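Colleague: I would like a close look at the charged side chains in this model. Please take the salt bridges one by one, then turn to whatever else fits.

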Amino acid sequence: MADTSKLWWRNGVIYQIYPRSFKDSNGDGIGDLRGIIEKMDYLTDTLGVDAIWLSPFYKSPMADFGYDVADYTDVDPMFGTLADFDDLIAAAHKRNLRIVVDFVPNHSSDMHPWFIQSRSSRTNPKADWYVWRDAKNGAEPNNWRAVFGGSAWSYDARRGQFYLHSFLPEQPDLNWRNPDVRAAMYDALRFWMRRGVDGFRVDVAHFLMKDPDYRDNPVNPPNTLAFENFKVFGEYDLQEHKHDKGHPDNHMVYREFRAVLNEFEEQSPRYSVGEIHIFDWDEWATYYGTDDELHMPFNFALIGAKWAAQTVREVVENVERVLSKGQWPNYVFSNHDEHRISARYGEYAARTMMMALLTLRGTPTMYYGDELGMKDGMIPPGMEQDPWGKRVPGLGLGRDPERTPMQWDALPNAGFTPAAVKPWLPVTEDYQRTNVAVELIDPTSMLSLTRALIKLRKTTPALHSGSYRTVTGVPDDTYVYVREGAGERYLIALNFSQEERSISVPELSAGRLVLSTLVNREEAVAGTVKLTANEGCIVKLG
Ligand code: GLC
Ligand code: CA
């Protein structure tokens, strides 16, 4: 590898690929590893991202589309083979693109040989590898609910006991208090690092350790949901999740986990990011440890946050306040579990959000298709796939709308899979307008904006590693900040309102507007910047 900079995960842009939906190389309607290899030019040359995170491609019965792993060290035939994975790593590393893979430690599939053995008796060698409990007064051991609906406990007649599943019954929770389980899971990490994997995204990272006494969760006090845009979980939200997740013992696990990553650090720098939905900022930040736990816990606040200047600013200021030196911030704008940015805010606000994502201090994690402004898909009746949507009343289509195939061109099936093939989910309705081929030749497209933002961020130390400061004295429905580094200052002005807004602050006495979210102007600035509805601008100061 040419560039061994330790800081790739700080200064770079991470791009999430949902492998089922990125590119189908063999015409079965499902994306696969060779499809990703085919699109390597797009990732590194067209977009210019620094790393890709792949959602699970492991052997799986696909009850939760790969988040139910039946073998932690093999590729599902649907996605390819281990040899394909090795080719993917080689192709990526040749171009200095890092590979982050999903690690799903909280639960395996019920078809994993470990669980099949564990459920076979109370005395087998793996009997204690999952969370087994006796019935309490003839019923479930406690009141814990599954994220995907229903009790978190299922009864197994052979053992005469309940097993815990925080998600589907097909996803039994591993017993992380058992050192043999931890050792086996750490070996899976080593397996992928030996193959060259640069980092891990840890699925539901704060779920691993449960209350050892399995106490009931208290009832949730009403109106404690701080963010309005997240999907609703139904009855799961009616409890305060005091005992089933976020246990302080998780920190011991992440110290061990980090030590395993450190074994490989000398060879090349490794990275870890945890999926942690905690919105008490001080508690959230504990998952960094003292640079001895996760490299960072994902910051999802801007997914849930209302799209309003003061709300977004507050999130950023909280993050800046809570992190101590050396703890690196990050922002996620959407993923395979939440509505896409264009669906949440509309086309123009989505552009402004993209500008924020790529100019704030901290690592941006972008979801495939958001660079095009892809919308949430409409899923015709009978084509629903997501088990969560099917189980929880009121959730509607679940997570299918944000998982539709990547839109490469204006041909039928958007170039994801051949025209005659039925893709696993349909492409969105506006694919003829919103796709890579069409947007590449339109200098004002969302893709052109995203490319320009990534390029600017990459080549500008102030933007990828400089300091952050909020600028005050601006209209309430705008958000303005300055990034400074390597002797340069950039001011970013974002208009959240539907009307024109004018920004006049001392910083703007002299400068040059270098990029607008409409990608339609560059001009000198002397005192004031006028923003149209929902427009964002970057001004190089001085
Ligand atoms: C995480 C994943 C989600 C999955 C769940 C269970 O939230 O992002 O897609 O269904 O964990 O593994
Ligand atoms: Ca395929």
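Modeller: What follows goes through the salt bridges, then a charged residue without one, then a helix contact.

The model is predicted. A search of the whole structure finds 35 salt bridges. Here are some of them.

Start with D102 and R201. Their closest N and O atoms are 2.8 Å apart. The two residues sit in distant parts of the chain, 99 residues apart. D102 belongs to strand β5 (residues 98-103), and R201 belongs to strand β9 (residues 199-202). Are these partners buried or exposed? D102 has 0% relative accessibility, so it counts as buried. R201 is buried because its relative accessible area is 2%, under the 20% cut-off.

Next come two bridges that involve helix α6. In one, E256 pairs with R182, and the closest N and O atoms are 2.9 Å apart. E256 is in helix α7 (residues 250-262) and R182 is in helix α6 (residues 179-194), so this bridge ties together parts 74 residues apart in sequence. R182 counts as buried, at 10% relative accessibility. E256 is partly exposed, with a relative accessible area of 27%.

The other bridge joins E263 to R190, with 2.8 Å between the closest N and O atoms. R190 is again in helix α6, while E263 lies in the loop between α7 and β10 (271-274). The pair therefore ties together parts 73 residues apart in sequence. E263 counts as partly exposed, at 46% relative accessibility.

Some salt bridges share partners. Through such sharing, D64, D337, D386, R399 and R403 form one network.

Now the charged residue without a bridge. K126 is buried, yet it has no salt bridge. The nearest side chain of opposite charge is D180, 7.8 Å away. A salt bridge needs the nitrogen and the oxygen within 4 Å. K126 lies in the loop between α5 (113-118) and β6 (132-133). What does K126 touch? Leaving out residues up to four places away in sequence, it touches W114, Q117 and S118.

Last, the helix contact. Helix α3 (residues 40-47) packs against helix α15 (residues 446-459) at about 65 degrees, and their axes are 9 Å apart. The two helices are therefore roughly perpendicular to each other. Y42, D45, T46 and L47 come from α3, and they meet L447, T450, R451 and I454 of α15. By class, this contact has 4 nonpolar, 2 polar and 2 charged residues.

Technical notes. Residues are numbered from 1 along each chain as its sequence is written. Chains are lettered from A and ligands numbered from 1 in the order in which they are written. This is a predicted model: local features need pLDDT of at least 70, side-chain atom pairs count only at pLDDT 80 or more; totals for chains, interfaces and linings use all residues. Side-chain values use heavy atoms; hydrogens and water are left out. Axes are lines fitted to C-alpha atoms, for helices over the stretch in contact, and angles run from 0 to 180 degrees between N-to-C directions. Helices (H or I, at least four residues) and strands (E, at least two) are DSSP runs, numbered from the N terminus. Angles under 35 degrees count as roughly parallel, over 145 as roughly antiparallel, 65 to 115 as roughly perpendicular and the rest as oblique. Contact means heavy atoms within 4.5 Å. Ala, Val, Leu, Ile, Met, Phe, Trp, Tyr, Cys and Pro count as nonpolar, Asp, Glu, Lys and Arg as charged, and the others, Gly among them, as polar. Buried means under 20% relative accessible area, exposed over 50%, partly exposed in between (1.4 Å probe, protein chains only). Lys and Arg count as positive and Asp and Glu as negative; His and the chain ends are not counted.
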